[in-house]
Amino acid sequence: MSSLLGNLQSIAEQQLQVLWQKAGPLLQPLLENEQWKPYAITLGVLGPLSYIFYKNYIDNLYLNPLNRLPGPPIGWDALFMLGNFRSITVAETARPQLDWTEQYGGIIRYYGLFNIPRVMVSDPELLKQILVTHQYDFVKPKELAEFIGRILGVGLLVAEGAEHRHQRKMLNPVFSVNAIRGMVPDMFVPGKRLVDSWTEELSDGAKEINILNGLSRATLDVISINGFGYDYASSVPGAPPNDLNEAYNRVFAGSDTFIRILFAIFPFMRKLPLKRNIEFRKAIKTIDTESMKLVTEARKRSSGEKHGSGRKATRDLLSIMTKERDEASGEGMDDNALQAQIMTFLAAGHETTSVTVTWALHELSQHPEIQDQLREEIKSVFSNINYEHPLFADPIGVDENELAGANVPSFDEINNLPFLNNVVKEILRLIPPVPMTNRTVEKDIVVGGYLFPKGARVFIPPAVTQRMTSAWGEDGLVFRPSRWDEPLAQAAGPYTYMPFLAGGRQCIGYRFALIEIKILLGVLINAFKFTAKPGVEIKKRQAITWRPSPDLILYVERV
Ligand code: HEM
């Protein structure tokens with residue numbers, strides 16, 4: 001929804017801006033002359049109407065070079081400037097695009113609101129060029145980058161060009177295999193808390209449990225402990241709300257849809273002294289203050305200084321970042337840069353992982369035989385953990401050399417479980433948390449023989465490339481982890497199987513995410529049996545990520 005509103009707002013703003021630039025200087029003198037004023041007003045009304053007609057019907061539907069690409073017809077909806085919007089919104093996200101790809105091929109155009117032509121690319125060769133060779137000519141949409149940049153600062157998710165290249169170079173070592181290896185023991189802590197919390201709820205046998213709620217708290221703790229070296233403890237039963245997380249949710253979850261539409265159409269409303277605006281600004285201030293506190297604490301931790309709570313572990317992303325130095329200049333990241341990155345990691349890494357595990361449990365509840373097979377495989381590795389170890393009471397206070405005796409499986413032991421690996425790959429294929437991303441074309445550019453005009457919106461759809469018949473066969477829409485032992489799936493290249501995208505902007509947190517998902521899934525499957533509620537159909541709803549709708553409620557019982 002937020003991206004739709006962002007689009008609407010930017011389209012309206014762009015059209016008004018262009019109009020005013022062209023017509024403003026002509027109308028101004030006429031409006032000041034009493035005799036010409038009525039004509040100026042008539043012109044002021046008819047002019048924009050003719051422009052809107054020209055732009056949204058003639059230019060978008062006939063003159064724009066994207067019209068030469070194959071794609072679905074629009075019919076009468078064109079008259080109401082709806083483009084293919086109705087087909088797109090009535091069906092499940094990405095489903096019409098998948099059907100169009102099967103019908104028209106690896107590069108298609110369809111029309112958005114105001115009949116604006118969109119391009120969608122699923123051809124691996126073209127994707128490679130867009131995501132690697134020309135990655136900085138295809139940039140993130142400006143309105144999204146500006147919104148996120150205003151709140152969180154310009155972190156890796158929204159930086160472009162040289163700034164992005166620099167940040168990426170500084171941050172790559174922070175997410176190295178070795179760094180992630182060191183985080184594995186801490187990642188077990190929120191999983192264990194979730195097991196305790198659900199076990200408490202189940203005291204009298206099997207019960208219905210809201211899966212995403214619990215997992216969302218667990219993944220928030222994973223990113224807080226392993227990302228910031230701070231324990232929100234939100235998955236501990238009865239934990240008080242956390243200021244930073246509350247403020248963060250207020251900013252990104254926002255208010256109801258009607259208010260958001262109103263604000264998108266009338267951006268000046270953001271500046272009025274309304275309750276919503278005051279709370280929004282207060283929330284941004286809280287994010288700023290609280291995240292800066294985390295940075296200050298991490299600096300102390302990394303310099304070996306002990307303080308109040310006795311925190312000493314330095315195996316979190318933030319502590320590692322404080323020690324990174326630029327090769328050329330020898331400079332480290334300043335406090336504002338660190339702050340922007342940690343908030344970026346929270347934005348990018350919290351919900352994506354919780355929905356992945358939620359969808360995995362949904363599919364496993366639909367396929368009990370696969371669930372049993374998985375439990376059988378993981379029990380040898382997940383059953384000997386010593387949950388009495390101090391790590392599980394205070395992950396931040398336990399130093400690297402005090403971890404012996406926790407009997408936590410290692411990074412390699414977990415990754416050597418082939419069926420767990422298949423299950424995780426399969427859920428990220430079938431229900432990628434980011435089903436589609438998009439880019440704006442910076443300047444007119446020809447790629448693979450196709451002209452991408454400046455300003456065009458290009459969609460890159462894992463939900464299509466990961467399910468299309470040409471790459472996955474007839475059962476691309478079926479959850480079948482064993483496909484990963486077969487040649488077809490094994491042959492899928494990086495621009496076909498790309499839940500974390502590919503190229504220069506591939507998810508920097510993918511190793512972190514994969515091991516986190518495996519740990520949470522392993523701990524939960526080892527402790528519980530999950531059964532689907534009969535007669536409930538769970539659909540995919542696109543919010544920031546692909547979420548279950550209605551909420552996923554499963555019968556949960558101890559094994
Ligand atoms: C299942 C979990 C995850 C999925 C499916 C996922 C997916 C993605 C995708 C598709 C992108 C590219 C977006 C675009 O360029 O349009 C991305 C970027 C990014 N992700 Fe993830 N992500 C996950 C978890 C994480 C985690 C745990 C972190 C951090 C701890 C993280 C940090 C980032 C960052 C910083 C970027 C921006 C990278 C750049 O532009 O250079 N992600 N992610």
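This passage describes an iron site, one helix and two buried residues in a predicted model. Residues are numbered from 1 along each chain as its sequence is written. Local features need pLDDT of at least 70 and side-chain atom pairs count only at pLDDT 80 or more, while totals for chains, interfaces and linings use all residues, and side-chain values use heavy atoms, without hydrogens and water.

The ligand iron has a single protein donor, the SG atom of Cys507, at 2.3 Å; donors are N, O and S atoms within 2.8 Å of the metal (3.2 Å for Na, K and Ca), and sites may look incomplete because water is not among the atoms. Cys507 lies in the loop between helix 21 (487-490) and helix 22 (510-527), helices being DSSP runs of H or I with at least four residues, numbered from the N terminus.

Helix 9 (residues 211-228) has 18 residues and spans 25 Å between its first and last C-alpha, close to the expected 26 Å, which is 1.5 Å times one less than the number of residues. Of its 18 residues, 15 are buried (under 20% relative accessible area, 1.4 Å probe, protein chains only). At the start of helix 9, a side-chain oxygen of Asn210 comes to within 3.4 Å of the backbone nitrogen of Leu212. Gly229 follows the helix with a positive phi, near 70 degrees.

Gln97, in helix 4 (residues 95-104), counts as buried because its relative accessibility is 4%. Beyond neighbours within four places in sequence, its contacts (heavy atoms within 4.5 Å) include Tyr110, Met120 and Met436. Ile320, in helix 13 (residues 317-323), is likewise buried, at 17%.

How values were computed: Buried < 20%, exposed > 50% of the residue type's maximum accessible area, 1.4 Å probe, protein only. Polar contact = N/O pair within 3.5 Å; in protein donor to acceptor, adjacent residues only side chain to side chain.
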